[in-house]
Amino acid sequence: MANLMMLRLPSSLRSFSVSASSSSNGSPPVIGGSSGGVGPMIVELPLEKIRRPLMRTRSNDQNKVKELMDSIRQIGLQVPIDVIEVDGAYYGFSGCHRYEAHQKLGLPTIRCKIRKGTKETLRHHLR
């Protein structure tokens, strides 16, 4: 069995383990930040854990999605998507093309920059 790297994740995801060799971007998952875990964390999240509330109102440029799929296949994801964590739920508002490229490639996880937010923060992004 491959070496598994257990990440320090929010309690709602502690049962997940991520293999560095199966990272969607070809590099080991990274956690924490220069602020010792107080600021944003960079982690691989399962796609199904990320809610995309704006997907119904926006469409992606399919040429851009295809270009990203090719790039991700060749060199991995270079820029994590931004995710807001509110009460244990994860909401993605940026990285729509990168998210769809991961879906179409059949990748189970995507590298995310997670920031804590409040319900008010969430309402602000939904406007």
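Start by selecting I110: at 0% relative accessibility, I110 counts as buried (buried means under 20% relative accessible area, exposed over 50% and partly exposed in between, with a 1.4 Å probe and protein chains only). I110 belongs to strand β5, which covers residues 109-116. Helices (H or I, at least four residues) and strands (E, at least two) are DSSP runs, numbered from the N terminus. Now add I50 to the selection: the C-alpha atoms of I110 and I50 are 9.6 Å apart in space, while their positions lie 60 residues apart in sequence.

Before moving on, please note that the model is predicted: local features need pLDDT of at least 70, side-chain atom pairs count only at pLDDT 80 or more, and totals for chains, interfaces and linings use all residues. Residues are numbered from 1 along each chain as its sequence is written, and side-chain values use heavy atoms, with hydrogens and water left out.

**The whole chain**

Zoom out and colour by secondary structure. The chain has 3 helices and 5 strands, and from the N terminus on they run β-β-α-β-β-α-β-α. Of the 127 residues in the chain, 41% are buried. How many of the contacts between residues at least 6 apart in sequence join residues at least 24 apart? The share is 74%, where contact means heavy atoms within 4.5 Å.

**Strand β3 and V83**

Keep I50 selected and add V83, in strand β3 (residues 81-86). V83 has 2% relative accessibility, so it counts as buried. Between the C-alpha atoms of V83 and I50 the separation is 7.9 Å, although the two are 33 residues apart along the chain. Show the surroundings of V83 next: leaving out residues up to four places away in sequence, V83 touches L45, Y90, Y91, C112, K113, I114 and R115.

From V83, go to P40, in the segment before β1 (41-46). P40 is partly exposed, with a relative accessible area of 32%. A C-alpha distance of 9.5 Å separates P40 from V83, and 43 residues separate them along the chain.

Follow the chain past β3 to D87, in the loop between β3 and β4 (89-92). Is D87 buried or exposed? With a relative accessible area of 62%, D87 is exposed. Check the backbone here as well: the phi of D87 is positive, near 50 degrees, in a residue other than glycine. Most residues other than glycine have a negative phi.

**Helix α1**

Select residues 62-75. At 1.5 Å a residue, the 14 residues of helix α1 should span 20 Å, and the end C-alpha atoms are 20 Å apart, which agrees; the expected span is 1.5 Å times one less than the number of residues. Which residues of α1 are buried? They are V65, M69 and I72. Look down the axis of α1: the buried residues fall within an arc of 70 degrees, so they line one face of the helix (the arc is that of the directions from the helix axis to the C-beta atoms). Turn to the face of α1 that points away from the buried side, and you will find the exposed residues N63, E67, Q74 and I75.

Now inspect the two ends. At the start of α1, a side-chain oxygen of D61 comes to within 2.9 Å of the backbone nitrogen of N63. That pair is a polar contact, meaning N or O atoms within 3.5 Å; within protein, one must be able to donate a hydrogen and the other to accept it, and residues adjacent in sequence count only if both atoms are side-chain atoms. Just after α1 comes G76, with a positive phi of about 85 degrees.

**Helix α2**

The cover over the buried residues of α1 includes α2 (96-105), so to speak your next stop. Select α2 and show its buried residues: H97, R98, Y99, E100, A101 and H102. What covers them includes β2 (50-51), α1, β3 and β5.

Pick H97, in helix α2. H97 is buried, with a relative accessible area of 18%. Beyond residues up to four places away in sequence, H97 touches N60, D61, K64, V65 and L68.

Next, display the ring of Y99 together with R52. R52 lies over the face of Y99, at 4.8 Å from the ring centre; a charge sits over a ring if NZ of Lys or CZ of Arg is within 6 Å of the ring centre and within 35 degrees of the ring normal.

Last, step to G106, which follows α2 and has a positive phi near 75 degrees.
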